[in-house]
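Please look through the sequence and the structure shown below before reading on. The report that follows takes up one topic at a time, and it helps to find each residue on the display as it is named.

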Amino acid sequence: MTSEGSEQVGVVTRPRSVVWYERLAWTALVVGLASAAANPAEFAKYYDQYHGGNLILMVVINAVQLLWIWLVARRRQNWARWISLLWLLLGILGIADMIGDVGERFQLNPVATIIYYVAFAIWMVSVMLLFRGDAREWFSRKRVASGA
């Protein structure tokens, strides 16, 4: 029993930034898996070195990433959004450390290297979307007009 001009209570649509974050985060995850698949020698090296523990670690890390995307995009956990930014900044520092190794990485496996950096770039854009104005309002749990 609502009038035409009244706002629906309890119905909150996700902002476009958050929708695009989720899409891009999923894409970055899939592209990251493609990067790992494009580098079987690296996988085999760690598989032999850790007797399958590397495979278990990869499964756990990907499961945590799926949970993380859900926490941010569906459960609107502001703390997870900020930790995502922290991980992004740490990742940028890690990439900066690897700049000296880029030539060597390209010589060893150029396809996997390119795919890796593409995945990182997609992930970087996805996290930046979480700090646009519409996303900030959504994470602060302010009421968002329906149809936004």
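Which helices each supply at least two residues of the lining of the largest pocket? The answer is helix 1, helix 2 (40-50), helix 3, helix 4, helix 5 (102-108) and helix 6 (110-129).

## The chain as a whole

This is a predicted model, and every value in this report should be read with that in mind. The chain contains 7 helices and 0 strands, so that its elements, followed from the N terminus, run α-α-α-α-α-α-α, a helix being a run of at least four residues. The chain has 148 residues, of which 29% are buried, and a residue counts as buried when its relative accessible area is under 20%.

The chain exposes about 9,800 Å², and carbon and sulfur atoms supply 66% of that area. If we consider the contacts between residues at least 6 apart in sequence, 76% of them join residues at least 24 apart.

## The largest pocket

The space in the largest pocket comes to about 1,700 Å³. Its lining is made up of 40 residues, and those that lie nearest the centre of the pocket are G32, S35, I61, Q65 and Y116. Helix 3 provides the largest share of this lining, with 9 residues, and the next section turns to that helix.

## Helix 3 and residue N62

Helix 3 covers residues 53-73, and because each residue is expected to add 1.5 Å, its 21 residues should span 30 Å; the C-alpha atoms at its ends are 30 Å apart, which agrees with that expectation. The residues of helix 3 that are buried are N54, N62, I69, L71, V72 and A73.

One of these, N62, can be followed a little further. N62 has a relative accessible area of 18%, and since buried means under 20%, it belongs to the buried class. When residues up to four places away in sequence are not counted, N62 touches L29 and L33.

## A network of salt bridges

The structure holds 2 salt bridges, and E22 takes part in each of those described here. In one, the side chain of E22 meets that of R14, with a nitrogen-to-oxygen distance of 2.7 Å. In the other, the side chain of E22 meets that of R74, at 3.1 Å from N to O. The R74 and E22 pair links distant parts of the chain, for R74 lies in the loop between helix 3 and helix 4 (78-98), while E22 lies in helix 1 (residues 16-37), and the two are 52 residues apart. Through their shared partners, the salt bridges join R14, E22 and R74 into one network.

Are the members of this network buried or exposed, or do they fall in between? E22 is buried, because its relative accessibility is 11%. R14 counts as partly exposed at 21%, and R74 is also partly exposed, with a relative accessible area of 47%.

## R76 in the loop

The loop between helix 3 and helix 4 also holds R76. The phi angle of R76 is near 45 degrees, which is a positive value in a residue other than glycine. As general background, most residues other than glycine have a negative phi. R76 has a relative accessibility of 13%, and therefore it counts as buried.

## Helix 6 and residue M124

The same check of length can be made for helix 6. With 1.5 Å allowed for each residue, the 20 residues of helix 6 should span 28 Å, and its end C-alpha atoms are 29 Å apart, which agrees. The buried residues in helix 6 are A112, T113, A119, F120, I122, S126, V127 and L129.

M124 is also found in helix 6, but M124 is partly exposed, because its relative accessible area is 25%. Leaving aside neighbours within four places in sequence, M124 is in contact with L88 and I92. M124 and W87 are 37 residues apart in sequence, and in space their C-alpha atoms are 9.9 Å apart.

Technical notes:
Residues numbered from 1 in each chain as written. Predicted model: local features only at pLDDT ≥ 70, side-chain atom pairs only at ≥ 80, totals over all residues. Heavy atoms only, no water. Expected span 1.5 Å × (residues − 1). Buried < 20%, exposed > 50% of the residue type's maximum accessible area, 1.4 Å probe, protein only. Contact = heavy atoms within 4.5 Å. Areas by Shrake-Rupley, 256 points an atom, 1.4 Å probe, with all protein chains shown as cover. Salt bridge = Lys/Arg side-chain N within 4 Å of Asp/Glu carboxyl O. 1 Å grid on protein atoms, 1.4 Å probe; cavity = no way out; pocket = protein on both sides within 12 Å on 5 of 7 lines; lining within 4 Å. Points joined across faces, edges and corners; volume = space filled by probe spheres on them.
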